[in-house]
Amino acid sequence: MEAPAMETSSYEETADWLRNHTDQHPKVAIICGSGLGGLADLLQNKKVFSYEEIPHFPTSTVPGHAGKLVFGSLQGRECVCMQGRFHFYEGYNIQTVAFPVRIFHLLGVETLIVTNACGGLNTSYSVGDIMLIKDHINMPGLAGQNPLVGSNHERFGVRFPCMSDAYDRDLIALAKQTAAEQGCDSFLQEGVYCMVAGPSYETIAECRALRMMGADTVGMSTVPEVVVARHCGMRVLGLSLVTNMTVTDYDSHEKANHEEVLQTTRHRAKDLEKLVSNLINKI
Ligand code: HPA
C-alpha cells in the first residue's frame, strides 16, 4: 500500500478532475474523524465522490471510515467534507495521509477544520469532552515522519514553515463562543494534542511520558494534515473528542479498545457536528 512521494502533477490532475465534476467552490474543508462522518450527511445540495473514483486519491481501510468526499452547503456555506481520513498506521506514507489537503488548497479552500477521536491524558478531562486543539506534539514528525520531508514544492509553501501558530486563535475563540451559545461549554476543553503513529495503543509508561511532555490528549491522526495545511497557508481549527481516558496506573484494570472509542463517538457525535455546523457560518 506504500505510495510513492507525490509529484505536483498528481495534485493538479486530482484538483482538475474534481473541478470538472463539481461546480462548487468551497472555502472550508472538514476532515471527519472516526465515527464523526455524520457531519457530511448534514450538507445540502450534495455532490458525493467515493475515494476510489477520484484519480490519485488514496482509499480508506478502517471500519467506521466511509471513504467519501462530499461537496455541499452547510448553513449556506459551501464546504467539502472528507468522510473518512487516511492514517499512517494503515500503511500509507505520511505524504499520502496529507494528500487531500493540497487538493483542497488547489480548489481554493482557505480554512481547514479537523476532527478526531483521542485518548485523554489530562486527568481533569472526562470521556465525552470536546477539546479545542491549541497546539500539537508531532511524535512521528519529531522522529522523521514529517509530511514535508523531501523536496519542497514551492507551489505550496516555504521550505521551513512556522508551526508556532498552527491553530488559529480567532477560530478557537469563535468555537468557544459557539459552544457557549449551544450549551456545550460544560464539556469543552482547550489543550495540546499529541500524535503517535499507532496502531497499538500506548503503554502506561508512554502515557506518563506524553503527559509529562505537556500533552492533554493522544491520538493517531490529524497532525500530518495540519502541517501540510499550514505549509500552504490555510487557517486551521482542530476539535478532538475524548473517547477514552488513557491508562496511567499499574493497578488499573482498564484497557483501551476501539469499541469504547466508537461507542463514545456515537454518544457525542451529534454535539460535535452541531458545534462545527453552528460555527461554520461565522467563519
Ligand atoms: N490513544 C491513541 N489514539 C486514540 C486513543 C488513545 O487512547 N483513543 C482514541 N484514539
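# Exercises on a predicted protein model

The protein has 23 positive and 32 negative side chains, and the centres of these two sets sit 4 Å apart. Keep in mind that this is a predicted model. Now let's work through some exercises.

## Exercise 1: Overall build

Work out whether the radius of gyration of the protein agrees or disagrees with that of a compact globule.

**Solution**
- Step 1. Start with the expected value: for 283 residues, a compact globule would come out near 19 Å.
- Step 2. Set the protein's own value beside it, which is 18 Å, so the two agree.
- Step 3. Add the outer dimensions: along the principal axes, the C-alpha atoms fill a box of roughly 55 × 40 × 35 Å.
- Step 4. Look at how the chain folds back on itself. Take the contacts with a separation of 6 or more: 82% of them link residues 24 or more positions apart.
- Step 5. Finish with the parts: you should find 8 helices and 9 strands, and 56% of the residues are buried.

## Exercise 2: The nonpolar cores

Find which residues of the largest nonpolar core touch the most other members, then trace the contacts of Ile 113.

**Solution**
- Step 1. The largest core holds 77 residues, and the ones touching the most other members are Leu 18, Ile 30, Leu 69, Phe 104, Leu 112 and Ile 113.
- Step 2. Ask which element gives the most to this core: that's helix 3 (residues 94–107), with 8 residues.
- Step 3. Pick out Ile 113 and skip its neighbours within four places in sequence. Its contacts include Val 28, Ile 30, Leu 237, Val 276 and Ile 283.
- Step 4. Don't stop at one core: a second, separate one has 10 residues, among them Ile 137, Leu 210, Ala 215 and Met 220.

## Exercise 3: Helix 7 and its two ends

Decide whether helix 7 (residues 223–231) is mostly covered or mostly open, and check what sits on either side of the helix.

**Solution**
- Step 1. Count the buried residues: 9 of 9, so helix 7 counts as mostly covered, given that buried means under 20% relative accessible area.
- Step 2. Read the names. Charged types turn up too, as Glu 225 and Arg 230 are among the buried residues of helix 7.
- Step 3. See what they pack against: the partners include strand 1 (28–32), helix 3, strand 5 (111–120) and strand 9 (235–245).
- Step 4. Go to the loop between strand 8 (217–219) and helix 7, where you'll meet Thr 222. Thr 222 isn't a glycine, yet its phi is positive, about 75°. Thr 222 has a relative accessible area of 0%, so it is buried.
- Step 5. Now look past the helix: Gly 233 follows, with a positive phi near 85°.

## Exercise 4: Buried or partly exposed?

Sort Arg 268, Gly 108 and Gln 75 into buried or partly exposed.

**Solution**
- Step 1. Arg 268, in helix 8 (residues 258–280), has a relative accessible area of 16%, so it is buried. Beyond its sequence neighbours within four places, Arg 268 contacts Gly 128, Phe 187 and Leu 241.
- Step 2. Gly 108 is in the loop between helix 3 and strand 5. Its relative accessibility is 28%, so it counts as partly exposed. Gly 108 and His 25 are 83 residues apart in sequence, but their C-alpha atoms are 7.0 Å apart in space.
- Step 3. Gln 75 belongs to the loop between strand 3 (68–74) and strand 4 (77–83). At 41% relative accessibility, Gln 75 is partly exposed.

Note on methods
Residues are numbered from 1 along each chain as its sequence is written. This is a predicted model: local features need pLDDT of at least 70, side-chain atom pairs count only at pLDDT 80 or more; totals for chains, interfaces and linings use all residues. Side-chain values use heavy atoms; hydrogens and water are left out. Helices (H or I, at least four residues) and strands (E, at least two) are DSSP runs, numbered from the N terminus. The radius of gyration is taken over C-alpha atoms; the globule rule is 2.2 Å times the number of residues to the power 0.38. Buried means under 20% relative accessible area, exposed over 50%, partly exposed in between (1.4 Å probe, protein chains only). Contact means heavy atoms within 4.5 Å. The place of a charge is taken as NZ of Lys, CZ of Arg, CG of Asp or CD of Glu. A nonpolar core is a set of buried Ala, Val, Leu, Ile, Met, Phe, Trp, Tyr and Cys residues joined through side-chain atoms within 4.5 Å.
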